[in-house]
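Subject: Handing over the structure

Hi,

As promised, here is the structure for you to look through. I hope the notes underneath help you find your way around.

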Amino acid sequence: MSSKIYDTAFDAQAWLESAASDTYDALEDPDHPPHHGPPHHGPPDHDHPPHRPHHPHHDHAPNETVYQLISKSKYTTKLAKLINDYPDLVEALNGTKANYTVFAPTDKAFERIPEHAPKPSKEDLKKILEYHVSPDFYPGRRVLATHTIPTLLKGEDLPGKNNPQRLSVNIGLKGLTLNFYSRVVAVNIFGTNGVIHGVDHIIIPPPEILKIIQLLPSEFSTLELALAKTGLNTTQHPPGTLFAPSNFAFAKLGARVNAFLFSPHGLPYLEALLKYHLVPDNTLYSDAYYRSHSDEDKTEDSPKKGYFHVDLPTALEDRSLSVDIARYFGFIEIKINSFARVTIFDGVAKNGVIQVVSSVLIPPKKLGGLATRLPKWDFWSGEEEMTVEDFIERFEPYVKEKIDL
C-alpha cells in the first residue's frame, strides 16, 4: 500500500494523548445481541454529546444483513458505493459465514479527505475497506471492554501466517475511538449477520513502526537518534514488538550514561540497548499475542481478563524480557521485568506494535557470593540514575567491542 497514504492519514499524536484514557462504560451485552433490532438509521451526530456515541433504539427484530443496512442508509451512500466494487466483499457482508462487525464511515467521514490526498489503487482501497470489518461479533459493550480488534485485513508484515491487522480501541477526551482518531458516533445497528458502528473518520491501516517513531519527535527524538546512529532498522530485525523508551525514560538514565551511549565508544552498547527493546517475530498487544517459530507459525490470544505472563526473546542474543499483563475489566497494566511499566498501549503498526515504557529496559545483573542454589539478580528499577560503570557491566557480555574506562 502506498506509503504516502499511511503517512498522511495516521494520527500519531492522538495515540500519545491516549495515555489520559481511564474511562469505560457499558452499552450492550458483549456476547449476545439484544432481542430487538436493528434501529432505523437516524442521524449519527445530532442531539448527542461528542463524547458519547449515538445509541439507537431497537424497533423490530433484525431482518436485513449488514450489507443491506449499509446499502440502504442515506448516511453511508459513499461507503456502499465503494463496497459494491468488490463482489467478494458484498458476498461476505451479505452472507452468514460469520457474525461481522462493520465500522462504517459516514458520508461526512469521506468529506474529511483532503482535496489533494493521494488516490489509492483499487487493491489498496480494498485493503482499507477490509480494515473496517472484523470477522468477529463486537457489540458496543464488547468494544468498550476490548483494547484491540482483529480485522479482515491480513497483516502481511506481521509474524505468523495470515494473522489479521488489528484496530486499537481507546476511550479518552475524544470519546470512543478506533486507532485513536476515528470516533464512534453510532453504535449497535444490528443486522441478521452482525452489527454496525458508525465512525467519523476513514480508518487507514497504520504505517511501519519506524515511521511512527519518526512522526513523534517530541516524544521519541532520543530513540530516533539512537536508531539512526546505530543503523538498526526493520530490515535487519523485523518487528514484532518495540518497547519504546520515551525521551523522559532516557533522561532517567542520567546525563553521564546518555553522554557515554552517544559517544563513539558507547555506540556498541547503544546498539545492544536497542536490541534489548526489540522483539522480532513476536507481536504482543495488550490482549492478543502473535508469534512465529521458524516453520511453525502460531497465534496465541492472551486471556480477556485476569493475568497473563510471557517471556519474549529479544534481538539481543540470549536475552528475554519478562512480561506480565494484568487485566481488570476495561483496565490493564503491563510490566516489564517486574519494574518498567507500559504507559501508552498498542501503537498498532503495519509490521507490529509499539508499547511505550516508562523506563529504559536494562538486563539484570547476577549477584555473586550468595550461598544459594537459585541465582539472585539485581534489576534496575529506574528510580535512580545509573553509573556508566554499572551500565557497562550489565551490557558487556553482549558487546563485541570492549573498552577501557
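Below is what I found in it, taken part by part.

Please keep in mind that this is a predicted model.

Let me begin with the sheet. Seven strands make up an open sheet in the order β9-β8-β17-β16-β15-β14-β13, and their pairing is mixed. At its edges stand β9 (278-280) and β13 (306-313); each has a single partner strand, so one side of each is left without a neighbour in the sheet. On average, neighbouring strands here are turned by 25° against each other, direction ignored.

At the β9 end, strand β8 (residues 239-245) runs antiparallel to β9, and three bridges join the two. One place to look is Leu 242, which stands opposite Leu 278 in β9. Helix α10 (residues 217-230) lies across β8 and β17 (352-357), at about 115° to β8.

Next, the cores. The largest nonpolar core has 56 residues, and Phe 243, Val 323, Ile 336 and Phe 391 have the most contacts inside it. Helix α13 (residues 267-275) gives the most to this core, with five residues. If you would like one residue to centre your view on, try Ile 336: leaving aside neighbours within four places in sequence, its contacts are Phe 243, Leu 321, Ser 322, Val 323, Val 342, Val 357 and Leu 361. There is also a second, separate core of 47 residues, which includes Leu 93, Phe 103, Leu 178 and Ala 288.

Leu 178 leads us to another group of strands, since this residue stands opposite Ser 182 in β6. Strand β5 (residues 175-178) and β6 run antiparallel and are joined by two bridges. They form a hairpin with three residues between them, and in the turn Asn 179 has a positive phi of about 55°.

Strand β6 (residues 182-191) is mostly covered, with 10 of its 10 residues buried. On to the next hairpin: β6 and β7 form one with two residues between them. Five bridges join β6 to strand β7 (residues 194-199), again antiparallel, and the bridge partner of Phe 190 is Val 195 in β7.

Last comes helix α7 (residues 122-130), where Asp 124, Leu 125, Lys 127, Ile 128, Leu 129 and Glu 130 are buried. What do these buried residues of α7 pack against? Their partners are α4 (77-83), α5 (87-93), β2 (133-134) and β3 (148-154).

Enjoy exploring, and write back whenever you like.

Best wishes

Note on methods. Residues are numbered from 1 along each chain as its sequence is written. This is a predicted model: local features need pLDDT of at least 70, side-chain atom pairs count only at pLDDT 80 or more; totals for chains, interfaces and linings use all residues. Side-chain values use heavy atoms; hydrogens and water are left out. Buried means under 20% relative accessible area, exposed over 50%, partly exposed in between (1.4 Å probe, protein chains only). Helices (H or I, at least four residues) and strands (E, at least two) are DSSP runs, numbered from the N terminus. Contact means heavy atoms within 4.5 Å. Two strands pair if DSSP finds at least two bridges between them. A nonpolar core is a set of buried Ala, Val, Leu, Ile, Met, Phe, Trp, Tyr and Cys residues joined through side-chain atoms within 4.5 Å. Axes are lines fitted to C-alpha atoms, for helices over the stretch in contact, and angles run from 0 to 180 degrees between N-to-C directions.
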